[in-house]
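Reader: Please take one part of this model and look at it closely. I would like a single strand and its surroundings, then a word on the ligand site.

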Amino acid sequence: MVSRVIPVEAFDLVIFGGTGDLARRKILPGLFRRFVGGQMPDTARVIGASRSDYDDAGYRDFVRSAIDEFAPSGRTEDRDDATLDAFLERLHFVTIDATGDGGWKDLAKLVRKDVISAYYFSVGPSLFGALAERLHKYGLADDDSRIVVEKPFGRDLASAKALNATLAEHFSESQVYRIDHYLGKETVQNLMAVRFGNMLFEPLWNAQYVDHIQITVAETVGVGGRGAYYDKSGAMRDMVQNHLMQLLCLIAMEPPSRFDPDSVRDEKLKVIRSLDPVLPHHIVRGQYAAAGDQPSYRDDAENERSLTESFIAMKINVSNWRWSGTPFYLRTGKRLKSRASEIAVVFKDAPHLIFDQEAGTHRNILTIRLQPNEGMTLGVTIKEPGPGGMRLMDVPLDMSFADAFGPDAEDVPEAYERLIMDVIRGNQTLFMRGDEVEAAWAWTDPIIEGWEERGEAPKPYEPGTVGPEDAQMLMMREGRRWREIKG
Ligand code: NAP
């Protein structure tokens, strides 16, 4: 059932930060899976680069243990030792300091001129400038080379503009791939297929028929070892400005004229530019408290006076013809009751109820689940079977991928795998354009400045719950309810 695998062209992918956490957990296991899946050809090579003192053999051992630990299982019959060895043979390592000149000539000798070259900046953003400059200086990048950059892309509009300007000194926008791994998820792309490939939904996809939309990204983990880093960021910068904003854009955007990178990104940009400023009483910020022997947010962040939010819920208005009057409610937080990400499109009540009061009223809800168990469900109202008169009930029309694709569901590429293959194919559709990122910060900045100026403290909430009580009130005072967070 899973679509045909088309191998990408030969490539050299250099991972700056090839020894870091992201490379170990996501990038390298993801590449291995694409190799197993037949999409990464034997002619491709992956070159790790960082200050560490590995030779090729040492790096291959490092990657072998990363794959053992983090590679998703895949189909076991495809994952024999010979396949792993064949993948590891494609790997090389060069010791390089991004801020110095050692190692660059070795890298220049290694990278082939006659295949696609891609450079993954899996390092902190403070190194982007140094890397871009040296790629240029050592003749490593041509007009067709691609560079991949990770979040965070800035921490406000000014820093995002500065990063964009730094990259633009050496690369054109068509060469820059800003990753938001949420966009690589199968369901997120399916959202576009469902919206724009069917006649069924698009006529109803507007304020006339949709009561409201909820986007939830709930995590059970706290900030743990990332506390010091996270404390400078918070849920708004870490999740809303990028992941939730991207999901909102895909839900709210107009149909692009074509499924090409700029047509899609133009429409997403228009959505961001249509967002109203958010009123302070439409935002609830929270911070998880301690529970038993589990530390509080402030303990994790080692900052007893921290005003950073680990939870945020907000009501957003998209001011355009399609959505005026239909609010979007966003919430995300750590240490919540379950790990679950979903978008729920809640349709309005039928305009006139022909059944008795006892039959009850029901609303159609289209649920798009990103995790766990990726898939979509449409709640449809039917008659409760059996005798007892006309009583209504909701049944789900369920399209969870695991059910629809059976064992082949395991072969659906994970977000990072898909996105890296898109980089090699030169397809920027699922990557954020510079102006999109800047527009998102332009909307986010005044909100953050507002609560910083007012010195607002986030509301404490019990871990394992759905966040602060005020977040419930945000919906309830408008006669609506958050959906249950179910993992
Ligand atoms: P990390 O574990 O701290 O790794 C940083 C990498 O950069 C290491 O390989 C390090 O290797 C290398 N490095 C540091 N300074 C260097 C220099 N001067 N020259 C060359 N290499 C240098 O960080 P990470 O978690 O992998 O994150 C990498 C980037 O991805 C960050 O921007 C992060 O925000 C972003 N990101 C990470 C995740 C994640 O899940 N980890 C998720 C989303 C985004 P050496 O010490 O050997 O030089």
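Author: What follows covers one strand, its partners and then the ligand shell. The model is predicted.

Start with strand S11, residues 340-347. Eight of its eight residues are buried, so the strand is largely enclosed by the rest of the structure. Buried here means under 20% relative accessible area. In a regular strand, side chains alternate between the two faces of the sheet. In S11, Ala340, Glu342, Ala344 and Val346 point one way. Ser341, Ile343, Val345 and Phe347 point the other way. Both sets are buried.

Now the partners. Strand S7, residues 210-218, pairs with S11 over eight bridges, in the antiparallel sense. Within this pairing, glutamine 214 has alanine 344 as its bridge partner. Strand S12, residues 365-371, also runs antiparallel to S11, and six bridges join them. There, valine 345 has leucine 366 as its bridge partner.

Next, the ligand. It has 20 residues around it, and Thr19, Arg25, Ser50, Arg51 and Ser52 come nearest. Helix H1, residues 21-36, gives the most to this shell: three residues. By type, the shell holds seven nonpolar, seven polar and six charged residues.

Several contacts involve oxygen atoms of the ligand. A polar side-chain atom of arginine 25 lies 2.6 Å from one ligand oxygen atom. For arginine 51, a side-chain N or O atom is 2.7 Å from a ligand oxygen atom. Leucine 22 uses its backbone: an N or O atom there lies 2.8 Å from an oxygen atom of the ligand. Taken alone, the ligand exposes 890 Å², and the protein buries 73% of that.

Methods. Residues numbered from 1 in each chain as written. Predicted model: local features only at pLDDT ≥ 70, side-chain atom pairs only at ≥ 80, totals over all residues. Heavy atoms only, no water. Buried < 20%, exposed > 50% of the residue type's maximum accessible area, 1.4 Å probe, protein only. Helix = DSSP H or I, 4+ residues; strand = E, 2+ residues; numbered from the N terminus. Pairing = 2+ DSSP bridges. Near = heavy atom within 4 Å. Polar contact = N/O pair within 3.5 Å; in protein donor to acceptor, adjacent residues only side chain to side chain. Areas by Shrake-Rupley, 256 points an atom, 1.4 Å probe, with all protein chains shown as cover. Nonpolar A, V, L, I, M, F, W, Y, C, P; charged D, E, K, R; others polar.
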